[in-house]
Amino acid sequence: MSNKILLIVFLLLLAAFGASRIFSGKNERTFNPEIISVDSTQVTSIIVQAKADSLQQILLRRESNGWTVSKNNKTVAASMESVQQLLASLSLVKSAYIAAKSEEKWAEYELAEGKASHLTVYSGNKVLADFYVGKYSVNPEARQITSFFRLKKGQEIYAVEGMAGMMLSQGFSSYRSKDLLKLDHYAVGQLSYEGDATYEAKWTGEQWLLNGTIPLDSNKVRNFLLNLRSMSGEEFVDGFDPEANSEKLLKKLTISGSNMAEPVIVRCWQDTTLAKPFVIQSSQFPESFFESDSSRLFKRLFKPVTEW
C-alpha cells in the first residue's frame, strides 16, 4: 500500500475521531480552575453585599491617599490591611472542581439571588469580576474549608478550597480602619491628663517630671510612649454623639511636643448603658468611637503613672 493511500486513511480516521468527540454526549472540555482573574493594580472600586451585613451594600473605593469604605451615606477610611487581604483573596479563587451545573442547585449551596454574598469588582466603569459566595463546608480531619462560588454570568457552582470565600464575605466593620493613635513617640514631650484625675508628665530636656517636681523613671516613660505610638480599637460605637453625651466625659489625655504638628487629644466617656462602659476617641481619627471595658484600651491609655 502506497504512502499516499496510508496518509488518506490516517486523515479519514482523524476526521472520524474528531466528529465523534464533537457529536458525542460527553463533549468534554478542558476545565479551567481560574474562575476569577483580576489585576489588583487596576481595581478602583468594589461593591460588596455580604451576608455578614444582611446583604446591605458597601462600597470600597480607591482614593488618591488610600481606600475608603461607605455604607448608608457614612464614608470612613478603610483599613489598608483588610483591603489588601481582599485583593489578595481574589487571586486565590481557584476552583478545585465543579460541584453542580444547574440553577436548581443554587439554593442547596446558598447561592440563590438574595441569599449569597455578592461582589462586583470594577476598574473605572468596567466590570472586572462579578460573582457570588455561598455556603462553607468544613472538613475537620483534613483541616480544609471549602466555599462555593458562582459567577454572575453562568449557572455552574464552583468549589474553592481555602480561606478565600470567608475573606471575600466580610462586612463593613471588617474593612473599617480601627486606628486610634499613630504617633512618633520620639516627638512626644508632654502628657496632660484631665478629668477624674488630673496630672502632667513633661520632658524638661534632661528628665521627665510629674507635675513639674517629681522625677519619673525615663525608661518607664519611654515604655509607656511605645505603648501609645500605635493603638487600635476593636468594637465601634456608631451613632455616639459627643455633644449629647458631654456630661459623661470622664477623662481627657492631651499628647503634645515641640516636634508635633499639633496636639493629639484622646477623650473617654463613661456610658453604663453599653456592655463595655467606656467610649474612646482621638482627634487623629475623630469619626471613630471605640467601646472598651476597664482593661485593654482604657487601661493602656489611662493607667496610673505608678503602673507605667
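Biologist: In this predicted model, where does F31 lie?
Modeller: Two elements frame F31, one on each side. They are α1 (3–23) and β1 (45–49). F31 lies in the loop between α1 and β1.

Biologist: Is F31 buried, partly exposed or exposed?
Modeller: Buried means under 20% relative accessible area, and exposed means over 50%. F31 has 37% relative accessibility, so F31 counts as partly exposed.

Biologist: Leaving aside neighbours within four places in sequence, which residues is F31 in contact with?
Modeller: Sequence neighbours within four places are set aside here. The contacts of F31 are then S95, A96, Y97, I98 and Y158.

Biologist: How many Å apart are F31 and K299, C-alpha to C-alpha?
Modeller: In sequence, F31 and K299 are 268 residues apart. In space, their C-alpha atoms are separated by 56 Å.

Biologist: Why do the buried residues of α5 lie on the same side of the helix?
Modeller: The buried residues of α5 (218–228) are V221, F224, L225, N227 and L228. An α-helix has 3.6 residues a turn, so residues three or four places apart point the same way. The buried residues of α5 are on the same side because they cover an arc of only 155°.

Biologist: Which helix is among the elements that cover the buried residues of α5?
Modeller: The cover includes strands, among them β10 (179–182), β11 (190–195) and β17 (249–256). It also includes a helix, α6 (296–302).

Biologist: Which residue caps the N-terminal end of α5?
Modeller: A side-chain oxygen of the capping residue lies 2.9 Å from the backbone nitrogen of N219. The cap is D217.

Biologist: Which parts does the salt bridge between E113 and R150 tie together?
Modeller: The closest N and O atoms of E113 and R150 are 3.5 Å apart. E113 lies in the loop between β5 (95–100) and β6 (117–123), and R150 lies in β8 (144–151). The pair therefore ties together parts 37 residues apart in sequence: the β5–β6 loop and strand β8.

Biologist: In the pair D196 and K251, is K251 buried or exposed?
Modeller: D196 forms a salt bridge with K251, with the closest N and O atoms 2.7 Å apart. The pair links distant parts of the chain, 55 residues apart. D196 is exposed, at 52% relative accessible area. K251 has 13%, so K251 is buried.

Biologist: Which residues make the nonpolar surface patch of about 260 Å²?
Modeller: One of them, M163, sits in the loop between β9 (157–161) and α3 (164–167). M163 is partly exposed, at 46% relative accessibility. The patch is made by Y136, M163 and M166.

Note on methods: Residues numbered from 1 in each chain as written. Predicted model: local features only at pLDDT ≥ 70, side-chain atom pairs only at ≥ 80, totals over all residues. Heavy atoms only, no water. Helix = DSSP H or I, 4+ residues; strand = E, 2+ residues; numbered from the N terminus. Buried < 20%, exposed > 50% of the residue type's maximum accessible area, 1.4 Å probe, protein only. Contact = heavy atoms within 4.5 Å. Arc of directions from axis to C-beta. Polar contact = N/O pair within 3.5 Å; in protein donor to acceptor, adjacent residues only side chain to side chain. Patch = residues over 30% accessible without salt bridge, like charges linked within 9 Å, V, L, I, M, F, W, Y side chains within 5 Å. Areas by Shrake-Rupley, 256 points an atom, 1.4 Å probe, with all protein chains shown as cover. Salt bridge = Lys/Arg side-chain N within 4 Å of Asp/Glu carboxyl O.
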